[in-house]
Amino acid sequence: MQFHHHGYVSTDPRIQDAAGVGIDRPDELPENVDVLIVGTGPAGMITAAQLSHFPGITTRIVERRGERLAIGQADGIQARSVETFQAFGFAERIIAEAYRITEMAFWTPDPTDASRIVRSARAVDDPAGISEFPHLIVNQARVLDYFAEVMANSPTRMEPDYGFDFRSLVNTDEGDYPVTVTLVHTDGERAGQERIVHARYVVGADGARSAVRDSIGCTLAGDQAFHAWGVMDVLAVTDFPDIRMKCAIQSGTGGNILLIPREGGYLFRMYVDLGEVSADDNGAVRKTTIDEIIAKANAIIHPYTLDVKNVSWHSVYEVAHRLTDRFDDVLPAEVGTRTPRVFITGDACHTHSAKAGQGMNVSMQDGFNLAWKLAYVLEGRSPESLLGTYSAERQVIARNLIDFDKQWSTLMATRPEDLEVPLEDFYTRTAEFPSGFMTEYPPSMLIGAAADQPLAAGFPLGKRFKSASVVRVGDANPVQLGHHHRADGRWRLYAFADAAASGEASALSDWAEWLQTSPESPLILHTPGGTDIDSVFDVKVIYQQDHTGVDIGSVPAAFLPKIGPFELIDYEKVYSTDPEHDIFELRGIDRGGAVVVVRPDQYVANVLPLAETEELAAFFRQVLLVR
């Protein structure tokens, strides 16, 4: 964490100075806003948290509840989400309070007595080292609390506006605030009264029954598996030996359980198989009582027993897999003729089972993808056409998620003897997908062509930037390079040096000189006047030598920018290889050097040779406006 560059700080450095709309922020919901977010679930809160770092943008997030969420239904946090939490500054704290999954145990019928279950296999949760971050279990409500803290500590001092229910919207396509939204107070003295808000853009993060989705004519289409599950968060006494392990339990008598230990050391969740549901059930299965769910769980885990002492939450649901035809208000016939004004995210776009632990995770990536794009358009950094990439990128990801979840939920509901491959084999073989690392955006205005991909084979275009250990030259500290990619809305330019020493003329020094002085340089073309030179682009260099072989005094000035009112030198942009974990070898970086461009949401946008400065300039000219 860097601070003091605007003067000495003796208080919590995570609390930024109020600026822009955060100065004297009104408690009352304004009549006009730049972005109105509906719903304080994971998708809505991450969208708000990202936008909260842009003090020139008026963003408000409304929620029909009168207060924060106390008990969340989602709890699985995949490693990609923890990477994202790192960008927002709270990964370490949430890891400390969460349950960490390191193994999964698989239980199947005893071959000698099918009425009993036995442990048949164990699987390491991340055998291939997909991420340096763990797979966590923590209450969704706590995730929302952390994003709320980010918002409150940001320059905009943002906080949710509770007690507003969304009723309707109309896009007039006229004026500065073309979307007219009708809200209704849900509590307090004004309960039942309407509130009209005019917005430039609206984001519907209001769940599977989204009224925002309905207002723009989108519908969820898909199928239902006609299979029901009871889910319960409980405190219980049991002789089942793996009660503190994630388990897939398949019984011989019929029925399965997915067991998820919860944070805190005692609580755990069980997804209990309630069996097939007839097409004419008409929701009757949802009336299954908690006592019936507990009895079913006891039958499945025989010969072990479960004595439930307390139930903090339970529900019954039927698996459904549905996806909207679009994620914004632009009809297919209108694509290319206008840009979107209304967007939907998270469960408003895609619904599926909870057992693959994907709902909250994919929803947050929806919001992360959208928020910085809204900010760039609203601040005049990018053309409005950028907003069309949200639906184009995220709808494909949602379709892949639903296809995967159909496989997983079907396997979970299948008797062991009917499986073509053991459940544990599928779990291990597909680990990269549920971890959140199979997302790969196709070429577009935001993703370059793959011609130079061999220069950095370990940073695939369109996939998230996979961190690796490097050494910070200025203080000899080993750090994870990707952990310095904060959710601050900036692009990252990682310059991987050729083999020349830091003081010698080289492809790197030529590139740095061009970046700092050429009229075609993105830094000069796209950085607003009166701001720090790294306000849009965070430029870092990684040398092939170890840190003792890099002369900091000979490093090009492009990598030692002067920051803040005192023009202090930033020494945290110069890195060398970690001798034990050479990033050039780990990520297949060409020894002749390369430039890796990373989007504000941590996805690799381009890979280019150091010499191809024209291509780098051309890439940013299609994404960013000249300032």
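Start by selecting C247: its relative accessibility is 0%, so C247 counts as buried (buried is under 20% relative accessible area, exposed is over 50%, and partly exposed lies in between, with a 1.4 Å probe and protein chains only). Now jump to C349, which is in no disulfide; the nearest cysteine sulfur, that of C218, is 8.0 Å away. A disulfide here is a pair of cysteine sulfur atoms within 2.5 Å, and by that rule the count comes to 0. C349 is buried too, at a relative accessible area of 0%.

A word before moving on: this is a predicted model, where local features need pLDDT of at least 70 and side-chain atom pairs count only at pLDDT 80 or more, while totals for chains, interfaces and linings use all residues. Residues are numbered from 1 along each chain as its sequence is written, and side-chain values use heavy atoms, with hydrogens and water left out.

**Stop one: β14 and its partners**

Select residues 256-261, which is strand β14. Strands and helices are DSSP runs numbered from the N terminus: E and at least two residues for a strand, H or I and at least four for a helix. How many residues of β14 are buried? It is 6 of the 6, so the rest of the structure largely encloses the strand. Colour the two faces separately: N256, L258 and I260 sit on one side, I257, L259 and P261 on the other, and they are all buried.

Next, add residues 246-250, strand β13, which pairs with β14 in the antiparallel sense over 4 bridges. For two strands to pair, DSSP must find at least two bridges between them. Find Q250 and you'll see N256 of β14 opposite. The hairpin of β13 and β14 has 5 residues between the strands, and in it G254 takes a positive phi near 105°.

Then bring in residues 268-276. That's β15, antiparallel to β14 and joined to it by 5 bridges. Click I257 and look for its bridge partner in β15, V272. This second hairpin, of β14 and β15, has 6 residues between the strands; G264 is the one to pick there, with a positive phi near 100°.

**Stop two: helix α6 and the loop after it**

Move along to residues 290-300, helix α6, and show the buried residues I290, I293, I294, A297 and I300. They cover an arc of only 120° around the axis, which puts them on the same side of α6; the arc is that of the directions from the helix axis to the C-beta atoms.

Now zoom in on H302 and P303. What kind of peptide bond joins them? A cis one, with omega at about 20°. P303 belongs to the loop between α6 and β16 (306-324).

**Stop three: β21 between two neighbours**

Select residues 491-496 for β21, where 6 of the 6 residues are buried, so this strand is largely enclosed by the rest of the structure. One side carries W491, L493 and A495, the other R492, Y494 and F496, and both faces are covered.

Add β22 (residues 537-543), which runs parallel to β21 and is joined to it by 6 bridges. Across from F496 is I542 of β22. Then add β26 (residues 594-598), antiparallel to β21, with 5 bridges joining them. Here L493 has V597 as its bridge partner.

**Stop four: a three-strand sheet**

Look for the open sheet of 3 strands in the order β3-β7-β4, with antiparallel pairing. Its edge strands are β3 (76-77) and β4 (99-101), each pairing on one side only. Between β3 and β7 (residues 135-137) there are 2 bridges, and I77 stands opposite L136 in β7.

**Stop five: the largest cavity**

Show R80, E83, Q86, E132, F133, R464, F465, S467, G482, H483, H485 and Q602 together: they line the largest cavity. A cavity is a set of points, on a 1 Å grid over the protein atoms alone, where a 1.4 Å probe fits but cannot get out; lining residues have an atom within 4 Å of a point. The volume of the largest cavity is about 100 Å³.

**Last stop: two positive phi values**

Finish with D24, in the segment before β1 (32-38). Phi of this non-glycine residue is positive, near 55°, and D24 is exposed, with a relative accessible area of 73%. R157 lies in the loop between α4 (140-153) and β8 (161-162). Its phi is near 50°, again positive in a residue other than glycine, and R157 is partly exposed at 26%.

Notes
On a 1 Å grid over the protein atoms alone, a cavity is a set of points where a 1.4 Å probe fits but cannot get out, and a pocket is an open set with protein on both sides within 12 Å along at least five of seven lines; lining residues have an atom within 4 Å of a point. Grid points are joined across faces, edges and corners, and a volume is the space filled by probe spheres set on the points.
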